[in-house]
Amino acid sequence: MNIRRAVAEDFPAVRELIRQFPEQLMQEHLPDAEEFFVAEEGSPAEMGGRIIACCALEVYSKRLAEIRSLAVLPEHQGKGIASELINACLKAAKEQGVYEVISITGSPAFFEKLGFGTFNKEKYALIKIIG
Ligand SMILES: CC(C)(COP(=O)(O)OP(=O)(O)OC[C@H]1O[C@@H](n2cnc3c(N)ncnc32)[C@H](O)[C@@H]1OP(=O)(O)O)[C@@H](O)C(=O)NCCC(=O)NCCS
């Protein structure tokens, strides 16, 4: 398994992967192709393997980036692939000088295992959908 930045050609496969999880993942207003990381079968030397997982890092400012569109094919879940993708996103965010990364998720326990949590003082991140 190899984790790498996505390129435009990966977008149809990424779209198809996200489409498998209509209950958990937003299907519209997806991040751009180059904001995704993908996990593909095979070793780094054999680029072009089937995409089995994806995750995007959308950088809004130096202060804030969001992890979005995390999906792992059912037959590949439970192998640590999502954790690796999140870590790739966190590394990229850090390299860009971003100091807060959020996730809006239906699986908070998964993100808590990776060190995500509520704010110290504010406690909650609230969201209002206006569009
Ligand atoms: C949630 C999801 C991304 C996890 O992918 P994965 O590759 O199986 O996750 P990992 O193997 O990296 O799991 C890491 C740890 O989190 C745990 N975990 C996995 N999914 C979890 C969940 N939904 N809730 C709580 N914990 C979870 C694992 O048991 C593992 O724990 P361990 O380290 O103690 O063994 C995957 O199940 C998925 O694609 N689900 C459908 C889409 C979705 O829900 N996306 C996330 C919404 S933001």
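Leaving aside its neighbours within four places in sequence, which residues is I67 in contact with? In this predicted model, I67 is in contact with C55, A56 and L57, with I86, C89 and L90, with V101, I102 and S103, and with F111 and F116, once those sequence neighbours are set aside. Several of these partners can be placed by element, since β3 spans 51-59, α2 spans 81-95, β5 spans 100-103 and α3 spans 108-113.

I67 also has a particular place in the largest nonpolar core, which has 35 residues and in which C54 and I67 touch the most other members. At least two residues of this core are supplied by each of α1 (11-19), β2 (36-40), β3, β4 and α2, and the largest share, eight residues, comes from α2.

The strand β4 (64-72) is a useful element to follow next, as it is mostly covered, with nine of its nine residues buried. On one side of the pairing scheme, β4 and β3 pair in the antiparallel sense over six bridges, and the two strands form a hairpin with four residues between them; within this arrangement A53 stands opposite V72 in β4. β4 also pairs with β5, here in the parallel sense and over four bridges, and E66 has I102 of β5 as its bridge partner.

From β4 the reader can turn to the pockets. The largest pocket has a volume of about 1100 Å³ and is lined by 33 residues, of which Q24, L25, S69, I104 and T105 lie nearest its centre. The elements that give two or more residues to this lining are β4, α2 and α3, and β4 gives the most, with seven residues. By residue class, the lining of the largest pocket divides into 16 nonpolar, 13 polar and four charged residues.

The second largest pocket has a volume of about 840 Å³, and of the 25 residues that line it, I102, S103, F116, G117 and A125 are the closest to its centre. Among these, I102, S103 and F116 are also in contact with I67. Two or more residues of the lining of the second largest pocket come from each of β4, β5 and α3, although here β5 gives the most, with four residues. This lining divides into 15 nonpolar, five polar and five charged residues.

Definitions and conventions
Residues are numbered from 1 along each chain as its sequence is written. This is a predicted model: local features need pLDDT of at least 70, side-chain atom pairs count only at pLDDT 80 or more; totals for chains, interfaces and linings use all residues. Side-chain values use heavy atoms; hydrogens and water are left out. On a 1 Å grid over the protein atoms alone, a cavity is a set of points where a 1.4 Å probe fits but cannot get out, and a pocket is an open set with protein on both sides within 12 Å along at least five of seven lines; lining residues have an atom within 4 Å of a point. Grid points are joined across faces, edges and corners, and a volume is the space filled by probe spheres set on the points. Ala, Val, Leu, Ile, Met, Phe, Trp, Tyr, Cys and Pro count as nonpolar, Asp, Glu, Lys and Arg as charged, and the others, Gly among them, as polar. A nonpolar core is a set of buried Ala, Val, Leu, Ile, Met, Phe, Trp, Tyr and Cys residues joined through side-chain atoms within 4.5 Å. Buried means under 20% relative accessible area, exposed over 50%, partly exposed in between (1.4 Å probe, protein chains only). Contact means heavy atoms within 4.5 Å. Two strands pair if DSSP finds at least two bridges between them.
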